[in-house]
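Please look at the sequence and the model together, and keep both in view while reading. The text below is meant to be followed residue by residue.

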Amino acid sequence: MGDILGYARVSTGDQDVAGQTMRLEKAGAIKVFTDVMSGKSMERPGLAELIAYARKGDTLAVVRLDRLGRSLAELLTTVETLRGQGIALLSLEEKIDTSSAAGELIFHVFGAIAHFERRLISERTRDGIAAARAKGKQPGRQPLDMAKVHAAIKLVEASISPTEAARQLGIGRSTIYREMRRMGIERPC
C-alpha cells in the first residue's frame, strides 16, 4: 500500500487552502500539494509536482472533484494520467476511490452529472440574458456615460482630485484614471 498525497486548490489569493489541507491530513495525507489559481487554468504547478513526486501504488486525495478539474474531459484526462502511473484517486466529498472497479464507475457517473450541471447553468444564463434582451434590457456592464467622464476630466483639470471628481459624479475613480491615460492627460500630483 502506497502513501496518500493530498492536493488542494483555491481559485484566488483571498481564499485559503487550510481547510482543505486539514481534511486531507485527517484522511491520512502525508504531504499536501497546493495551487492558488482558477480552475479554468490547465497549468497547475502543484498538481504537476504531486504527480512527479508520487510513486506507483500511491493515492492522490482531493476534498472534492472540482478541486482537480472543471470539466469531465479534464477529470478523465487527469485520472488516465494517474492510472498510467499506477496512482489511484480518492475524493473525500464524493467518496470515490478509483483503486476499485466500483469506485471508478462511480467517478465516471459523478463526473457526467457534474458536467451536466455546468451545462444546465450555462443554458440558464443564456436564457436569462435572452429574456432580459427581449424585455429591452441591456445585460452586462452599462455603457460609459462620456458626458460624466468629460465633466470629471474638467474637474481634475480645475485641481479637483480624481477621487473627489469620481465621488461627485457617481463614477469609478479607476474609470477617470483610465480615460485620462487614454486621452493622454497626465495624472495630477
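What follows is a walk through three helices and then through some backbone angles.

The model is a predicted one, and a convenient place to begin is the pair of helices α5, residues 146–157, and α6, residues 162–169. The axes of α5 and α6 come within 9 Å and cross at roughly 140 degrees, and the crossing in which α5 passes α6 is right-handed. On the α5 side the contact is made by Lys-148, Ala-151, Ala-152, Leu-155 and Val-156, while α6 contributes Pro-162, Ala-165, Gln-168 and Leu-169. Sorted by character, the residues of this contact comprise seven that are nonpolar, one that is polar and one that is charged.

Two of the α6 residues in that contact, Pro-162 and Ala-165, are also buried, as is Ala-166. Because the buried residues of α6 fall within an arc of 100 degrees when the helix is seen down its axis, they line one face of it. An α-helix has 3.6 residues a turn, so residues three or four places apart point the same way. The buried residues of α6 pack against α5 and also against α7, which brings a third helix into the picture.

Which residues of helix α7 are buried? In α7, which spans residues 173–183, they are Thr-175, Ile-176, Tyr-177, Glu-179 and Met-180. These buried residues pack against both α5 and α6, and the packing between α6 and α7 is thus described from the side of α6 as well as from the side of α7.

The backbone after these helices also deserves attention. Just after α6, Gly-170 takes a positive phi of about 70 degrees, and just after α7, Gly-184 takes a positive phi of about 75 degrees.

Where do positive phi values occur at a residue that is not a glycine? One such residue is Ser-159, with a phi of about 75 degrees, which lies in the loop between α5 and α6, the two helices whose crossing was described above. At 70% relative accessibility Ser-159 counts as exposed, the cut-off for that word being over 50%.

Another is Lys-95, whose phi is positive at about 55 degrees although Lys-95 is not a glycine. Lys-95 is found in the loop between strands β4, residues 88–91, and β5, residues 96–97, and with a relative accessible area of 69% Lys-95 is exposed.

Key:
Residues numbered from 1 in each chain as written. Predicted model: local features only at pLDDT ≥ 70, side-chain atom pairs only at ≥ 80, totals over all residues. Heavy atoms only, no water. Buried < 20%, exposed > 50% of the residue type's maximum accessible area, 1.4 Å probe, protein only. Helix = DSSP H or I, 4+ residues; strand = E, 2+ residues; numbered from the N terminus. Contact = heavy atoms within 4.5 Å. Axes fitted to C-alpha atoms, helices over the stretch in contact; angles between N-to-C directions. Left-handed = near helix turned anticlockwise from the far one by under 90°. Nonpolar A, V, L, I, M, F, W, Y, C, P; charged D, E, K, R; others polar. Arc of directions from axis to C-beta.
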